[in-house]
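Colleague: Please take a close look at one part of this model, the ligand sites, and then at the helix packing that goes with the same chains. A plain account will do.

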Amino acid sequence: MSLVVRDLRVVFDTPKGPVWAVDGVDLEVAPGAVLGLVGESGSGKSVTLRAIARLLHANATVSGEVLWEDEDVLAMPPDRLRRLRGAEIGIVFQEPMAALNPVLTIGLQIDESLEAHTELDTKGRRARALELLDLVGIAAGGARLGQYPHEFSGGMRQRAMIAIALASSPKLLLADDPTTALDVTIQDQILRLLLRLKAELGMGLVLVTHDLGVVAQTCERVAVMYAGRVCEAGPVASVFASPRHAYTQALLRAMPGEGARAGAKLVPIPGQAPRLDRPAQGCAFQPRCTVSESACETRRPSMETDGDRRFACYAEARL
Amino acid sequence: MSIVLQANAVERRFPAPRGLADLLLRRPIRAVHALSGVSIAIEAGETLGVVGESGCGKSTLARCLVRLIAPDAGAVMFEGQDIATLRSSDRLRFNRAVQMVFQDPFASLNPRMTVGAALAEVLRVHNIVPDADIPARVLALLDQVQLPASAAGRYPHAFSGGQRQRIGIARALAMEPRVIIADEPVSALDVSVQAQIVNLFMELQERLGLAIVFITHDLRLVRHMAHRVAVMYLGRVVETGLTHDIFEAPRHPYTRALISAVPSLIPGQARADAVRGELPSPMAPPPGCPFHPRCPIVMPRCASDAPSLINGVSCWAAG
Ligand SMILES: Nc1ncnc2c1ncn2[C@@H]1O[C@H](COP(=O)(O)OP(=O)(O)OP(=O)(O)O)[C@@H](O)[C@H]1O
Ligand SMILES: Nc1ncnc2c1ncn2[C@@H]1O[C@H](COP(=O)(O)OP(=O)(O)OP(=O)(O)O)[C@@H](O)[C@H]1O
Ligand SMILES: [Mg+2]
Ligand SMILES: [Mg+2]
């Protein structure tokens, strides 16, 4: 395994008390493996990725274990951490405008990454920057290098960020919703690019997305998050075909798809999102669950393993 | 049938940066042709889906529609009046009636204002409800977008990407608009929350005749909720029509490529190849039909004559 995350917890200290954003997450990514991370909006996907790269706000307390090639990331000194980020682990953030520097041209931002992580000279870096823009489908790269983030379209910013992350040829890419602003044809081009890097260079990939179609087409394994925990994990095909957590099942049913009649109301999961400032005693999904039993209210189901499937749901057999 | 908002042959260019080589070789100033003669119309109670390649001009069109930027040529009409000529009270009425949900929520929220204070300010400045009712209305707005009451006291940075996106929607809805221009409003939401927001839009539409311009890359969603669709490519509308017709019998080869590239939910199912060929640059749009360099059914005349939009499609092959 290149990345092992064990019992990761993140608590935000807020004026109104603690918020348990990530509450005991376990993940593993082997070299060249692709893990999909899906789940409810606000369930802790981005905070998990940021915790792995130690990029959280000062009001966050992180505990648990993050091992990168057997090295303890949570104990790394700052200079080792700087080399880790970028050179070994690339990160594509969810909101490009918040991650890109608004006063530097895109060209300079790619160049910074190339300068820090490669041996290329000025000319070589420019050629590589153009190549990277071409790889992510940005035409007329020469002129584009001189533009600022606000002069790019939403999807072009997202692709510029992917180019910056890939500039150092990382061994692992943490990609947070990297194709939301892309049309399906460019999305396809980007996903093929990532899969090629995985096949050719053995790059590992953690792909956060809300697009279950993207997960089906790109990932080998998927982990589903709800209220700061992984509620189910396993191979994509079997999880989608026969979910073993009630939340996964409800999520799959809320998809607008070939089934739902156009113009008809979609079927969201009923009820309120869970409160992270007041964790439930039992299963966090219980108040919204249609198949819950009495144990669900009082005792948190623990993670069970059955072959290559993992799930934490008492109702698993009845789904 | 009453058209509320309309774009008539809107053009918009942005100057492209000039490199040293451009200056030395005295190349002419280049421009990004973001919009080249775009016309759309939207009726009360209707949803127009706008789809197209990343960078094709969708957000620029949206910004023209809400008067954040002015077209270089052409006009945007609100209830039959050119919005560039609106004065005093008409202008205020327009500013309230036409609201935008921005593609990049992070950049559009004030980081120094709590979410509750920001919403309250909108309600107060535009006199939407009596001062005494503002706190209750703020909570109702948050509830509509599935955020808890406790969200009012937090700053934008303390939310997840999808939660911020919903704050942007709440702010637009606070104005009780007649038209919403929603630029990728649900791209960061899981399918269940997405379903709730889409249902909310459809409810407001039924109840209040809200007109919606829905810009998205999610073709499943467009198919589900749009009455009509406009497909854009490189600054132009290349096909437009009723949603059902566009999906059942797409006539433009770009529309066909787009529809066939939607990732399937069944893992491993082979994808149709994405559009091939060199990516076009809006700085040097190809002569003739903008899609011809990548078109699978290109004919000799496509390289020299630009087809115009006739009967909802702009393609020489669509006889
Ligand atoms: N700085 C912070 N202070 C307090 N709470 C925070 C902070 N940052 C995030 N949170 C909370 O932590 C939870 C997890 O956030 P995270 O961004 O990981 O969600 P996510 O799964 O990425 O959601 P999305 O799909 O909407 O992007 C959210 O409920 C959010 O409100
Ligand atoms: N302020 C600006 N200055 C210079 N160029 C701009 C500016 N705004 C947009 N552009 C250019 O206009 C073109 C269209 O951009 P726009 O944001 O409208 O695309 P879009 O269709 O919304 O794309 P996406 O789906 O990626 O969000 C792009 O080539 C972009 O670089
Ligand atoms: Mg997130
Ligand atoms: Mg856009």
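Modeller: What follows covers the two ligand sites and then three helix contacts. The model is predicted, and the distances and angles below are computed from it.

I start with ligand 1, which lies between chains A and B. It is surrounded by 25 residues, and the closest are A:Ser41, A:Gly42, A:Ser46, B:Ser160 and B:Gly162. Two side chains of chain A can be given with distances. An N or O atom in the side chain of A:Ser41 is 2.7 Å from an oxygen atom of ligand 1, and an N or O atom in the side chain of A:Gln94 is 2.8 Å from an oxygen atom of this ligand. From chain B, B:Ser160 places a polar side-chain atom 2.6 Å from an oxygen atom of ligand 1.

Ligand 2 has 22 residues around it, with A:Ser153, A:Gly155, B:Ser54, B:Gly55 and B:Thr60 the closest. The site is shared between chains because the residues that surround ligand 2 come from chains A and B. On the chain A side, the polar contact of A:Gly155 is through the backbone: one of its backbone N or O atoms lies 2.6 Å from an oxygen atom of ligand 2. On the chain B side, B:Thr60 has a polar side-chain atom 2.5 Å from an oxygen atom of ligand 2, and an N or O atom in the side chain of B:His217 is 3.0 Å from an oxygen atom of ligand 2.

Next comes the helix packing, beginning with chain A. Helix 7 (residues 154–166) of chain A and helix 8 (residues 184–201) of chain A cross at roughly 10°, and their axes come within 12 Å. At that angle, helix 7 of chain A is roughly parallel to helix 8 of chain A. Helix 7 of chain A contributes A:Arg159, A:Ile162 and A:Leu166 to the contact, while helix 8 of chain A contributes A:Ile186, A:Ile190, A:Leu193, A:Leu194 and A:Leu197. Sorted by class, these are seven nonpolar residues, no polar ones and one charged.

In chain B, helix 5 (residues 115–125) packs against helix 7 (residues 161–174) at an angle of about 20°, with the axes 9 Å apart. Helix 5 of chain B and helix 7 of chain B are therefore roughly parallel to each other, and the crossing is right-handed. Here B:Val115, B:Leu119, B:Val122 and B:Leu123 of helix 5 meet B:Ile167, B:Ala170, B:Arg171 and B:Ala174 of helix 7. This contact divides into seven nonpolar residues, no polar ones and one charged.

Helix 5 of chain B also packs with helix 6 (residues 134–144) of chain B; the two axes come within 9 Å and cross at roughly 115°. This crossing is right-handed. Helix 5 of chain B brings B:Val115, B:Gly116, B:Leu119, B:Ala120, B:Leu123 and B:Arg124, which meet B:Ile134, B:Arg137, B:Val138, B:Leu141 and B:Leu142 of helix 6 of chain B. The residues of this contact divide into eight nonpolar, one polar and two charged. Three residues of helix 5 of chain B serve in both contacts: B:Val115, B:Leu119 and B:Leu123.

How values were computed: Residues are numbered from 1 along each chain as its sequence is written. Chains are lettered from A and ligands numbered from 1 in the order in which they are written. This is a predicted model: local features need pLDDT of at least 70, side-chain atom pairs count only at pLDDT 80 or more; totals for chains, interfaces and linings use all residues. Side-chain values use heavy atoms; hydrogens and water are left out. Axes are lines fitted to C-alpha atoms, for helices over the stretch in contact, and angles run from 0 to 180 degrees between N-to-C directions. Helices (H or I, at least four residues) and strands (E, at least two) are DSSP runs, numbered from the N terminus. Angles under 35 degrees count as roughly parallel, over 145 as roughly antiparallel, 65 to 115 as roughly perpendicular and the rest as oblique. A crossing is left-handed if the near helix is turned anticlockwise from the far one by less than a right angle, and right-handed if clockwise. Contact means heavy atoms within 4.5 Å. Ala, Val, Leu, Ile, Met, Phe, Trp, Tyr, Cys and Pro count as nonpolar, Asp, Glu, Lys and Arg as charged, and the others, Gly among them, as polar. A residue is near a molecule or strand if one of its heavy atoms lies within 4 Å of it. A polar contact is a pair of N or O atoms within 3.5 Å; within protein, one must be able to donate a hydrogen and the other to accept it, and residues adjacent in sequence count only if both atoms are side-chain atoms.
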